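User: Please take a close look at the charged side-chain contacts in this model, and then at the metal site. I would like one connected account that I can follow on the structure.

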Amino acid sequence: MALVFKSLRCPHCQQPIDKPLLKQHGLLQAFLKRKPFPCPHCQEQAVLPEKYETLISIGILTAVILAPLLLVWEVSFVDSKLLFGLGAALAIAGLITQKLDKA
Ligand SMILES: [Zn+2]
């Protein structure tokens, strides 16, 4: 299942594309499976790329799993806090930059 946290814009016509709109046009499954789908506004092909989710996943993993582990292993407390900050920053960067690509 794709992680989409904000409304995305068509890479061709810049019109917002959200889940209810895709559902209405029967395109939601293609969108969630990262298959190219025609934009409901301009009919050009768009696709949801995986790279932003990878960034979000790595960020969450680092902040939520790796940072507390370092703390448990009694590696320097400051380092684990830095790692948590880095993970959170990665996840946020993934969220902010997430967008549709031209297919
Ligand atoms: Zn469009």
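Analyst: In this predicted model, a good place to begin is the salt bridge that Arg34 forms with Glu53, in which the closest N and O atoms are 2.5 Å apart. The two partners come from distant parts of the chain, since Arg34 sits in the loop between α2 (28–32) and β3 while Glu53 belongs to helix α3 (residues 51–72), with their positions 19 residues apart in the numbering. Their surroundings can be described by accessibility: Arg34 has a relative accessible area of 24% and is therefore partly exposed, whereas Glu53, with a relative accessible area of 6%, is buried because the value falls under 20%. As a general point, side chains of opposite charge can pair when their charged atoms come close.

The count of salt bridges in the model comes to 3, and helix α3 also supplies a partner to another of them. Here Lys51 meets Asp101 at 3.7 Å, taken from N to O, and this contact again links distant parts of the chain, with Lys51 in helix α3 and Asp101 in strand β5 (residues 101–102), 50 residues apart. Asp101 has a relative accessibility of 19% and so counts as buried, while Lys51, at 49%, counts as partly exposed. Asp101 also forms a salt bridge with Lys99, where the closest N and O atoms are 3.2 Å apart, and Lys99 is partly exposed, with a relative accessible area of 41%. Through these shared partners, Lys51, Lys99 and Asp101 are joined into one network.

The metal site holds a zinc ion, whose protein donors are the SG atoms of Cys10, Cys13, Cys39 and Cys42, lying 2.3 Å from the ion. The 4 donor atoms subtend angles of 104 to 116° around the zinc ion, and the arrangement is therefore tetrahedral. Along the chain, the donors follow the spacing C-x2-C-x25-C-x2-C. Cys13 lies in the loop between β1 (8–9) and β2 (16–17), and Cys39 in the loop between β3 (37–38) and β4 (45–47), so this pair ties together parts that are 26 residues apart in sequence. The two cysteines can also be set side by side in their accessibility, for Cys13 is partly exposed, with a relative accessible area of 24%, whereas Cys39 counts as buried, at 0% relative accessibility.

Methods. Residues are numbered from 1 along each chain as its sequence is written. This is a predicted model: local features need pLDDT of at least 70, side-chain atom pairs count only at pLDDT 80 or more; totals for chains, interfaces and linings use all residues. Side-chain values use heavy atoms; hydrogens and water are left out. Donors are N, O and S atoms within 2.8 Å of the metal (3.2 Å for Na, K and Ca); water is not among the atoms, so sites may look incomplete. Four donors count as tetrahedral if all angles lie between 85 and 135 degrees; four count as square planar and six as octahedral if opposite donors are over 155 degrees apart and all others between 65 and 115; anything else is irregular. Helices (H or I, at least four residues) and strands (E, at least two) are DSSP runs, numbered from the N terminus. Buried means under 20% relative accessible area, exposed over 50%, partly exposed in between (1.4 Å probe, protein chains only). A salt bridge is a side-chain nitrogen of Lys or Arg within 4 Å of a carboxyl oxygen of Asp or Glu.
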